[in-house]
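This briefing introduces a single protein chain to a reader who has not met it before. Please keep the sequence and the structure in view while reading.

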Amino acid sequence: MSPAARSTTDAADDRFSALLDAAVDAIVLIDPQGRIRRFSSAAQRLFGYSEAEVMGQNVNMLMPAPYRGEHDGYLQRYLSTQEPRIIGIGREVTAQRRDGTTFPVDLSVGEYRSGGGHGFVGILRDISERKEQEQLLRRRREELRLMFEHAPTAMATTDPQGRLLAVNQAGVELLQHAPEFLSGRRLADLVAPSDRHELDQMLATLPLNGDFMRSELHLLRGDGSTLQAAVHAAIARDANGQPQMMITEILDLSELQAATREVS
């Protein structure tokens, strides 16, 4: 190679090294045999290895068992069949740090060819925090579901248009309608015709009353009887302030009135 060509190659290599060092996500370059050829600064921070420690090593050293033993087979299968499993697609995988701890990453792998060189480049992003947040949200949703379902008070949720999304067990027992009957039905369908105008007014003025409203309505039960109830309704909004659902609590006033008559 002439001095000029060598100088051009060195300059290009310096630019590429600078790009690797500046990247926020970890970048690992491997050859067709799976040996590490480049290990970015972010990769060093993420895995706890220096570049010197990993150069020439099989990239499967960054994976825990059983993925470590499977990696070489994936690579050889792709080279033989060109059928992508991870290469060219990307997926969520488990990685392993120098200290043996494992963590989830988003991995995107691409194939590159440069001059006579050929290999693969992997871009890895630690998603531990995202996975923890997802797990926390799932746990909170489950807690809320259990609280709703097993609350001793009759409760229901509707969409912004007033169609029932869910009714808890206490609500099913109070209204004496089967869950299949209630699902998707309009809240107004459960209100006596004489009170539907009041319900419409209640729903229309909810945003004007701090997203909360209380009214007394007569509800139609599954056995044909009418129930006098106090209905408390509140709007739940999303992060953008848009109505997401309405949460309704139903209190049976007939029992309270009977108890009041007994006391008096």
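Is strand 1 (residues 26-30) mostly covered or mostly uncovered, and how many of its residues are buried? Strand 1 is mostly covered, with five of its five residues buried. The model discussed here is a predicted one. The points below begin with the chain as a whole and then turn to particular strands, one residue and a cavity.

**The chain as a whole**

- The chain contains nine helices and 10 strands.
- The chain has 264 residues, and 33% of them count as buried.
- Where contacts in the chain link residues at least 6 apart in sequence, 37% of these contacts join residues at least 24 apart.
- The chain has an accessible surface of about 15800 Å², and carbon and sulfur atoms account for 52% of that surface.

**Strand 1 and its partners**

- In a regular strand, side chains alternate between the two faces of the sheet.
- Strand 1 is covered on both faces: Ala26, Val28 and Ile30 are buried on one side, and Ile27 and Leu29 are buried on the other.
- Strand 1 runs antiparallel to strand 5, and five bridges join the two.
- Within this pairing, Leu29 has Val121 of strand 5 as its bridge partner.
- Strand 1 also pairs with strand 2 (residues 36-39), in the antiparallel sense and over three bridges.
- In that second pairing, Leu29 stands opposite Arg38 of strand 2.
- Five residues lie between the strands in the hairpin of strand 1 and strand 2, where Gly34 takes a positive phi near 85°.

**Strands 3, 4 and 5**

- Strand 3 (residues 91-96) pairs with strand 4 (residues 102-114) over six bridges, and the sense of the pairing is antiparallel.
- One position in this pairing sets Thr94 opposite Pro104 of strand 4.
- The hairpin of strand 3 and strand 4 has five residues between the strands, and Gly100 in this hairpin takes a positive phi near 95°.
- Strand 4 is in turn joined to strand 5 (residues 117-126) by 10 bridges, and these two strands run antiparallel.
- Val109 has Gly122 as its bridge partner in strand 5.
- Strand 5 thus appears in two of the pairings described here, one with strand 4 and one with strand 1.

**His232**

- His232 lies in strand 9 (residues 226-237).
- Why does His232 count as buried? His232 counts as buried because its relative accessibility is 17%, and the cut-off for buried is under 20%.
- Apart from neighbours within four places in sequence, the residues in contact with His232 are Phe212, Met213, Arg214, Ile247, Thr248, Glu249 and Leu251.

**The cavity**

- Rolling a probe the size of a water molecule over the atoms shows where empty space is left.
- How many cavities of 30 Å³ or more does a search of the whole structure find? The search finds one.
- The largest cavity has a volume of about 50 Å³.
- Its lining is formed by Leu175, Leu187, Leu190, Val191, Leu199, Leu217, Leu219, Val231, Thr248 and Ile250.
- Strand 8 (212-220) and strand 10 (243-252) are the elements that give two or more residues to the lining of the largest cavity.
- By residue class, the lining of the largest cavity has nine nonpolar residues, one polar residue and no charged residue.
- Thr248 belongs to the lining of the largest cavity, and Thr248 is also among the residues in contact with His232.

Terms used
Residues are numbered from 1 along each chain as its sequence is written. This is a predicted model: local features need pLDDT of at least 70, side-chain atom pairs count only at pLDDT 80 or more; totals for chains, interfaces and linings use all residues. Side-chain values use heavy atoms; hydrogens and water are left out. On a 1 Å grid over the protein atoms alone, a cavity is a set of points where a 1.4 Å probe fits but cannot get out, and a pocket is an open set with protein on both sides within 12 Å along at least five of seven lines; lining residues have an atom within 4 Å of a point. Grid points are joined across faces, edges and corners, and a volume is the space filled by probe spheres set on the points. Helices (H or I, at least four residues) and strands (E, at least two) are DSSP runs, numbered from the N terminus. Ala, Val, Leu, Ile, Met, Phe, Trp, Tyr, Cys and Pro count as nonpolar, Asp, Glu, Lys and Arg as charged, and the others, Gly among them, as polar. Two strands pair if DSSP finds at least two bridges between them. Buried means under 20% relative accessible area, exposed over 50%, partly exposed in between (1.4 Å probe, protein chains only). Contact means heavy atoms within 4.5 Å. Accessible areas come from the Shrake-Rupley method with a 1.4 Å probe; for residues, only the protein chains shown count as cover.
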